[in-house]
Amino acid sequence: MSIHPGTAAKRKATDSPAPANPAKVRRRSPTRVNPALYLFPLPAVAVVAFFLVMPTLQAFQYAITDWNGFSAAFNYVGLDNFIRAFTKDSLFTNALTNNLKFVLLVVIAQTVFSLVLALLLTKNSRGSILLRALFFFPTILSSVSVAFIWKFIYDPNFGLANSVLRTVGVDGGAYLGNDAQALYWVAVTQVWFHSGQMMVVYIAGLQAIPKELYEAAEMDGANKWQQFKSITWPFVAPATSIVVAYTTVQSFKAFDLILGIAGNPPKSSLDILSTRIYSTFANSEFGYAAAQSIIFMAMIALVTWLQRRLLRLTPKGD
Amino acid sequence: MLASLSRRAILAIYAVIIIIPLTVVAFGSFKSTQELFAGPFSLPRSLAPDNFAEVVGGQNLGSSFMNSVIVTGISVPLTLFLASLAGYAVSRLKGFMAWAIFGFLVLGMAIPAQANMVPLYVLFGRLGLLDNLAGLILANVVSTLPIAVFILGGFMRTLPKELYEASSIDGSGPWKTYSSIALPLSAPSIAAAAIFLFVIHWNELLYPLLFIQTPGNRTLPLALLSFQGEFQTNYPLLFAGVILASLPVVVAYVFLQRYFVAGITAGASKG
């Protein structure tokens, strides 16, 4: 801490040139900050530093070793773990491909679907409020519970989906048993799980649109689609950024759902990065698992950054 | 007319897609396997809680339930306490220090749990925090502190400064001002964060999976997951487990539904 924390801090905060008269600054904040206040964030800072930031930095150190987690001896192997992941480990590249496919599927489906639901339920009628509560409900369940429910729906012999199809005389599929389709069916589950949550984000955005705009558009003879395109969509753009970003991170981390629905370890058609990292870890390849987890973190950061670049969603008139 | 009809149709179909599986699970938890497979939609023949008795008695789900209650019951208030202390300080401190503390704490939101799980496992091993509930509580607190600070700190910044100033003129120290002014005024954001944390901590799976070895130390989601291996297609038992694991959250949701939406959305739109 500097000797004059007050003035130094003020300068940084306002980002303006140093005031000519320091007394002026002091007058603007008559009550001096009690130094005891610096003790308040200390426990949180200590806990985060020691158990969150430090382990994350350590992951970078582990990632360049061949440590197995138990023996005292290990070697620094440089970038070998990273090279291995991308060039020699088909399990890893498979999980990476699956994960990107899964994220893409879920982000598109969930963004569109939650917006549709929100548009249909914007009005605060009794029925809308009831349906919103119902559609939101799955979000509060645990991933393992949701996984079990859908495991039963997809069960090829006794499952709900096929019993319904059988009553109308249609032969149902194998769903999760079909390797070419399994990931799609889990994506459906993920959308069922979290669309209600994203719907609520959209409803908040939609309800902020002034009604007069629609009335004016109606008088100008704009049809529903034109109204959506030129009023609704620009206004829900910020909500879309939130939904897309949150859904991306959520579907990257669909770990619990995959383990619940596919078992531990999942078969290769359902293996994603987080389950692969866990398998590598469980296989006592600590160094390699740390390298994979860094790739995982970089992947999330990269996809999120790409979305920001590509979407550039800003509200109109801002 | 047609638009309103298709609107109703879409909503009705999705309502069915949500309600039917939940009903089948609720009915199925009282059925035998044969009964469930014969007719998933039929009402259970008896309401004898045999499946519940079996999952609670034989499979450690009873003790897992208690473990989950302990872990969640301590993790949520502890996270809120640490986050509100930090949030309060950040809202009162000025300039660089406030910015640095807030930034440091909130930065953690960008770190996914899988990114640091290997070093955290090693660290917990050295500290004797593996295979016990204290380790789970600590992991829960750490992983959700950043977002809790973000929610609470963000709210506390909007409180009028004059109240704090009046309080310190009255001679109250920072602790008194925090506990008698900042905390009560922040009740709405604390309630929202509490529900958000409750859902996350109650449903947490990765940390128990990483840290817990002894079946007696399992929390509900982990116990439920290990079920799947043992009872591949004994769906009635799985369903009884699902209901038991979901019960506290569902009951709370029925009564506090509006606050759940506010809380979890605060997490979503600020996360």
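**Exercise 1.** Are helix 5 of chain A and helix 14 of chain A roughly parallel or roughly antiparallel to each other?

*Solution.* The structure to be examined here is a predicted model. Begin with the two elements themselves: helix 5 of chain A covers residues 90-120 and helix 14 of chain A covers residues 286-311, and the two pack with their axes 12 Å apart, at an angle of about 30 degrees. Next, recall the cut-off, by which angles under 35 degrees count as roughly parallel. Helix 5 of chain A and helix 14 of chain A are therefore roughly parallel to each other. The crossing of these two helices is, in addition, right-handed.

The residues that make the contact can then be located. Helix 5 of chain A contributes A:F92, A:L96, A:N99, A:L100 and A:V107, while helix 14 of chain A contributes A:Y288, A:Q292, A:I295, A:F296, A:M299, A:V303 and A:Q307. Sorted by class, the contact of helix 5 of chain A with helix 14 of chain A consists of 9 nonpolar and 3 polar residues, with no charged ones.

**Exercise 2.** Determine whether B:F52 is buried or exposed, and find the residues that it touches.

*Solution.* First place the residue: B:F52 lies in helix 3 of chain B, which runs over residues 50-57. Its relative accessibility is 14%, and since buried means under 20%, B:F52 counts as buried. Then look for its partners, leaving aside the neighbours within four places in sequence; B:F52 is in contact with B:S29, B:F30, B:A240, B:I243 and B:L244. One of these partners, B:A240, is 188 residues away along the chain, and yet the C-alpha atoms of B:F52 and B:A240 are separated by 5.5 Å.

**Exercise 3.** Identify the residues that touch the most other members of the largest nonpolar core, and follow one of them to its contacts.

*Solution.* The largest nonpolar core holds 183 residues, and those that touch the most other members are A:F135, A:F281, B:L145, B:F211 and B:F260. Helix 13 of chain B, residues 235-270, gives this core its largest share, 16 residues. Now follow A:F135, again without its neighbours within four places in sequence: in chain A it is in contact with A:L117, A:L121, A:G196 and A:M199, and in chain B with B:L11, B:Y14, B:A15 and B:I18.

**Exercise 4.** Describe chain B as a whole.

*Solution.* Start with secondary structure, which comes to 13 helices and 0 strands in chain B. Turn next to burial, where 54% of the 271 residues of chain B count as buried. Finally, consider contacts in chain B between residues at least 6 apart in sequence, of which 72% join residues at least 24 apart.

Key:
Residues numbered from 1 in each chain as written. Chains lettered and ligands numbered in written order. Predicted model: local features only at pLDDT ≥ 70, side-chain atom pairs only at ≥ 80, totals over all residues. Heavy atoms only, no water. Core = buried A, V, L, I, M, F, W, Y, C linked by side-chain atoms within 4.5 Å. Buried < 20%, exposed > 50% of the residue type's maximum accessible area, 1.4 Å probe, protein only. Helix = DSSP H or I, 4+ residues; strand = E, 2+ residues; numbered from the N terminus. Contact = heavy atoms within 4.5 Å. Axes fitted to C-alpha atoms, helices over the stretch in contact; angles between N-to-C directions. Parallel < 35°, antiparallel > 145°, perpendicular 65-115°, else oblique. Left-handed = near helix turned anticlockwise from the far one by under 90°. Nonpolar A, V, L, I, M, F, W, Y, C, P; charged D, E, K, R; others polar.
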